[in-house]
Every structure is written in structure tokens, then in C-alpha cells.
Amino acid sequence: MGKRQVLVTGGAGYIGAHTAVELHAAGYEVIIADNFSNSSPGVLEGIERITGVKPVFHRIDCADRSQMVTLFKEYPGIEAVIHFAAFKSVGESVLNPLAYYRNNLLSMINLLGEMSVRERGGCIVFSSSCTVYGQPAPEHLPVSEEAPLQVAASPYGRTKQICEDILSDTVKASEGKLKAISLRYFNPVGAHPSAYIGELPGGVPQNLLPFVTQTAAGLRECLNIFGSDYNTPDGTCIRDYIYVCDLAKAHIKALERMTSVASGTGENMEYFNLGTGKGLSVMEVVKGFVAATGVDVPYKITGRRAGDVEQVWADPSKANRELGWRADTPMDQVYRSAWEWEKRIRNL
Ligand code: UD1
């Protein structure tokens, strides 16, 4: 029997690339579809250096239906799809909502269109986000899957909510042919221990850890901490930072759950929160990074960033229990991995 084929859309992206590596390690044949809109061919080389195998790659825009039709024709054996391909900048989505709706929704619709018309159906893992919960009420912290969803604070967040709805409606209509798991990520950070792949933001980093590592590397003068007057112990926002390799492994667990005949959960669409269960403040992250790496990170406190939620962290017990998965890499190791990656790409 040949290897089981898994299509990874957005597989040249940050989480996609780390997941492609884990899929390879778990014995799957990985087919990557990516249009390099926020990544580059160098990522594929990084994957190859780690796995020793050149990933099958197609430069494809998933939002273009004809390209997806061709891809599925070429690979009728695809058993499952992990769907990462999407735009992900909150701020950009506010400025250019149509680009977000067009790209994120059409990609999902095209993918499900192709999966639905196949006799064999298939399994889908969707890359969702804790943003669907907004700022949870205090009684919902840490956030479990039962917490109410709230009106999204950005078009980006809304695309995640709408995609989850599109997915669940389509799974329902497929009468058992399709199965799906939506993984709601908290804040993915860090890089592969080899330092061959990691997070590489284009332009000025929007996310915290890339800004921290670029400041440590001297590319940025100073980290701006967005607000220290929040209702948290040290006044800075709290998030659940999860190591990207731990996160990547959860995708394999999700696939196994859907494809194993024995599991028989009865639910064809499921949702899982992926986090560590521990919240860290911005200040704790900065101090933790400095302690773990011994490298200084100059910072100053500036005003709040529009649209930031004050505090959110996961109750990952459903994923721990049902997927048999846990994010347990110590944070100092995570910080060091991010720093090793930054040093490698800057030749430091
Ligand atoms: C947000 C979304 C997340 C989404 C992600 C995509 C929420 C809760 N989270 O993550 O769902 O997938 O964007 O990019 O809506 N910070 C600074 N200085 C910086 C950068 C960040 O102080 O230069 C602070 C932020 O104010 C925040 C924390 O660091 O408190 C984390 O920020 P970031 O890494 O951007 O992630 P989120 O905003 O949590």
C-alpha cells in the first residue's frame, strides 16, 4: 500500500511548514499547495533539509477554482486536507476586508467543492483561531470549546467564523462523506529545533515574538509594548503562547481521529482549542525571552493597540483528552528556538 496522501494548503506558511514536517515523520505523503503570497520557495528547501525529502509542491492559488479543480484531478488519492491557506493579519483585514473575504472564503469554498464531488469524500482539518471567542467573560476563562462565540472584532476573525460555518454546513450536507475538525489555535510561537524553518513575517512584524527576536537581533531599535494599563497582574495583555511544533503535532492527531475507523465518535464536525492552558503577559514573554537567551530586548510602553483583547488563554482539556495531545514544550526552549531561527536567517 502506498503512503496516505495529505494535501496541505498553505504548506509553505509558518504553521503549514511545521505541520508538513510532522506529517512526513508520521509517514504521510505530503502535497503542498501554496501561492507564496506570504511565504517563499526557501521554506520548501527548509522542509527538505529537515525531512530529507523534497515535498511535492504545486504553486496554486486556492481561491482560484480552476486551479483547485486541476489539482484534485491530478491527485484523486488525497485522503485528507489540512487547510491553512489564508490571510492572517488582523490590521490588514480592517483596511482591506474584501481581500480577506475573497481569499479566505473562496479558498474554503473551492476546497470543499472539490472534496464534496468526490465519491470517496475525505477529512478536513481547518486552521481556525481563538479569535472566534473575542474577549471571553471572566467566567469563561480559561476558554473551553463551550464558551460562546462573539461578534468578531475584525474581518479576519469573521472569515474564521464564517469558514467554520461553511465547513460545518457542508459536512452536514455530505451525509457522512466528509468529516472535519476545526482547530482553534491560540498564539503559535517558536521555530523548528533545526532552525531550518520558522516564522518569517514580511515587513514590520505584527506579532509579538517576531518583533522580540528582531529587536534582539538589532533590526528594530525597541519593542513597543501595547499598553500596561489592562486589568491584569502586571497591566499587559495575556495570551496563551503555544510552541509551533506542539501545535503541528495536533494536526496529525486530528487526522488520526478522523481516519481511524475505531474512533467512531459519531460527530462529523468537531472543534478543539489548542493552547497550553497557561496565560503569559507580554511582559512575562519579554522577560522570559531575555532570561532564556541572555540577549537584551529594549522595550518601551506605548498606547494600547486597537482591537486587542485584554486576556485570553485556553482550556485545552478536550484536546488533551480526546486527541491524546498536549503542548508541553518548556517556554525557555521555545524562546531559544525562535532566537536560533532569527540568528540563522540574519547570519548572526
Ligand atoms: C491575534 C489574534 C489571533 C490571530 C493573530 C493573527 C486575538 C486574541 N488573537 O493574535 O487570533 O490568529 O492575531 O496574527 O484576537 N504586542 C506588543 N507589541 C508588539 C506586538 C504585539 O505589545 O509589537 C502584544 C499585543 O498587544 C498582544 C500580544 O503582544 O497583547 C500578542 O500579540 P500578537 O502576537 O499580535 O497576537 P494576538 O493579537 O494575540
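What follows is a short look at the overall fold of the protein and at two of its residues, R184 and I15.

The model is a predicted one, so local features are taken only at pLDDT of at least 70 and side-chain atom pairs only at pLDDT 80 or more, while totals for chains, interfaces and linings use all residues. Residues are numbered from 1 along each chain as its sequence is written, and side-chain values use heavy atoms, with hydrogens and water left out.

On the whole-protein level, the secondary structure adds up to 11 helices and 13 strands; these are DSSP runs numbered from the N terminus, with helices being H or I of at least four residues and strands E of at least two. The C-alpha atoms take up a box of roughly 55 × 45 × 40 Å along the principal axes. The radius of gyration is 19 Å, which agrees with a compact globule because 348 residues would then give a value near 20 Å. That radius is taken over C-alpha atoms, and the globule rule is 2.2 Å times the number of residues to the power 0.38.

Of the 348 residues, 55% count as buried, meaning under 20% relative accessible area, against over 50% for exposed and in between for partly exposed (1.4 Å probe, protein chains only). As for contacts (heavy atoms within 4.5 Å), 79% of those between residues at least 6 apart in sequence join residues at least 24 apart.

R184 sits in strand 6, which covers residues 178-185. With a relative accessible area of 4%, R184 is buried. Its side chain has polar partners there: one polar contact of 2.7 Å goes to the side chain of Y133, and another, also given as 2.7 Å, goes to the side chain of E164. A polar contact here is a pair of N or O atoms within 3.5 Å; within protein, one must be able to donate a hydrogen and the other to accept it, and residues adjacent in sequence count only if both atoms are side-chain atoms. Setting aside neighbours within four places in sequence, R184 also touches a list of residues including S128, C130, E145, L149, Y271 and N273.

I15 belongs to helix 1 (residues 14-25). I15 counts as buried because its relative accessibility is 13%. Beyond residues up to four places away in sequence, I15 is in contact with F84, Y185, P188, V244, L247 and H251. I15 and S127 are 112 residues apart in sequence, yet their C-alpha atoms are 9.2 Å apart in space.
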